Amino acid sequence: MVLKGTVHKYNRPNIDTDVIIPGPYLKIHDHDELAKHAMEGLDPDFTTKVSKGDFLLVGHNFGCGSSREHAPIALSKTGIKAILSPSFARIFYRNSIDGGYLLPIEIEENILEKIDDKDEIEINLDKNSILNVTKKESYPIKPFSKIISDIIEAGGLFNYKIS
């Protein structure tokens with residue numbers, strides 16, 4: 001599977017779920033309405049910059065804080081397809097994958113400096129690589145485990161069938 005899109009870079013560590021979707025919006029049940037407030041605590045104009053299939057590039061420990069499933073839902077509904085980070089809070093990682101909302105892709109820390117905001121990239125999940133189309137550079141990604149790959153392929157944990 002190859003994903004193509006534009007990078008939206010926020011190179012800061014520990015972006016927590018209160019920043020991804022601020023607490024006052026947790027009572028919103030309409031996912032499209034929830035998405036209007038994604039990343040509002042960090043960038044009030046975030047939703048106007050994102051297009052379907054785009055990527056977030058962020059510092060380590062993305063999604064820390066409370067275990068709200070609202071965070072990956074809101075980001076996916078903005079159009080974000082995957083998040084690139086050196087590390088994720090594990091509950092955010094699993095909420096993203098289990099719900100089939102978006103892909104948390106782990107990268108080496110030094111790649112944060114190599115990819116710029118607005119770069120066009122292609123992520124090849126079969127080859128575990130990123131092609132920076134803008135800079136004509138290639139970078140590795142950490143492969144998903146077999147079980148995680150199977151859950152992603154199924155579209156989330158509820159669709160996954162143990163064989």
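**Entry 1. Strands β5, β6 and β7**

Two strands count as paired if DSSP finds at least two bridges between them. I began with this term, as my opening entry concerns strand pairing. The model I consulted is a predicted one.

I looked up strand β7 (residues 137-140) and found it paired with β6 in the antiparallel sense, over four bridges. Within this pairing, N132 has E137 of β7 as its bridge partner. The two strands form a hairpin with four residues between them. I noted K136 in that turn, where phi is positive at about 55 degrees.

I then turned to the other partner of β6 (residues 129-132). Four bridges connect it to β5, and these two strands also run antiparallel. I recorded two facing positions: S129 of β6 stands opposite N124, and L131 of β6 stands opposite E122. The hairpin of β5 and β6 has four residues between the strands, and N128 there takes a positive phi near 55 degrees.

What does β5 (residues 120-124) join through five bridges? I found strand β1 (residues 2-10), running antiparallel to it. In this pairing V2 stands opposite N124 in β5. N124 therefore appears twice in my notes, facing V2 of β1 and S129 of β6.

As a general point, side chains in a regular strand alternate between the two faces of the sheet.

**Entry 2. D119, ahead of β5**

I looked up D119 and placed it in the loop between α6 (111-114) and β5. Is this residue buried or exposed? D119 counts as buried because its relative accessibility is 5%, and the cut-off for buried is under 20%. Apart from residues up to four places away in sequence, D119 touches G5, T6 and V7, together with K114, N132, T134 and K135. I noted that N132, one of these contacts, is the residue bridged to E137 in β7.

**Entry 3. Helix α4**

I next examined α4, which spans residues 70-78. How many of its nine residues are buried? I found seven, so the helix is largely enclosed by the rest of the structure. The buried residues are A71, P72, I73, A74, L75, S76 and T78. They pack against the helices α1 (17-20), α2 (31-35), α3 (46-49) and α5 (90-98), and against the strands β2 (55-58) and β3 (82-85).

I looked at S76 separately. At 19% relative accessibility it counts as buried, the limit being under 20%. Leaving aside neighbours within four places in sequence, S76 is in contact with Y101 and L102. Just after the helix, G79 takes a positive phi of about 120 degrees.

**Entry 4. The nonpolar core and F92**

I looked up the largest nonpolar core and found that it has 48 residues. The residues with the most contacts inside it are L56, F62, L75, I83, F92, I105 and I123. In general, nonpolar side chains in soluble globular proteins tend to be buried together.

From that set I followed F92, which is buried with a relative accessible area of 1%. Not counting neighbours within four places in sequence, its contacts are I20, F62, G63, A71, P72, L75, I83 and L102. Among them, A71, P72 and L75 are buried residues of α4.

**Entry 5. Aromatic pairs**

I counted five aromatic pairs in the structure. In one of them, the ring centres of F62 and F92 lie 5.2 Å apart with the planes at 85 degrees, so the pair is edge-to-face. F62 is in the loop between β2 and α4 and F92 is in helix α5, so the pair ties together parts that are 30 residues apart in sequence. F62 counts as buried, at 0% relative accessibility.

Ring pairs link F62 and F92 with F88 and Y93 into a cluster. I also noted a charge at Y93: the charged end of R90 sits over its ring, 4.3 Å from the centre.

**Entry 6. A89**

My last search concerned A89, in the loop between β3 and α5. A89 is buried, with a relative accessible area of 12%. Which residues does A89 touch, not counting those up to four places away in sequence? I found N61, F62, G63 and C64. I also recorded S67, which is 22 residues from A89 in sequence and 9.2 Å from it in space, C-alpha to C-alpha. F62 thus enters my notes as a contact of A89 and as the ring partner of F92.

Key. Residues numbered from 1 in each chain as written. Predicted model: local features only at pLDDT ≥ 70, side-chain atom pairs only at ≥ 80, totals over all residues. Heavy atoms only, no water. Buried < 20%, exposed > 50% of the residue type's maximum accessible area, 1.4 Å probe, protein only. Contact = heavy atoms within 4.5 Å. Core = buried A, V, L, I, M, F, W, Y, C linked by side-chain atoms within 4.5 Å. Phe/Tyr/Trp six-rings, centres within 6.5 Å; stacked < 30°, edge-to-face > 60°. Lys NZ or Arg CZ within 6 Å of the ring centre and 35° of its normal.
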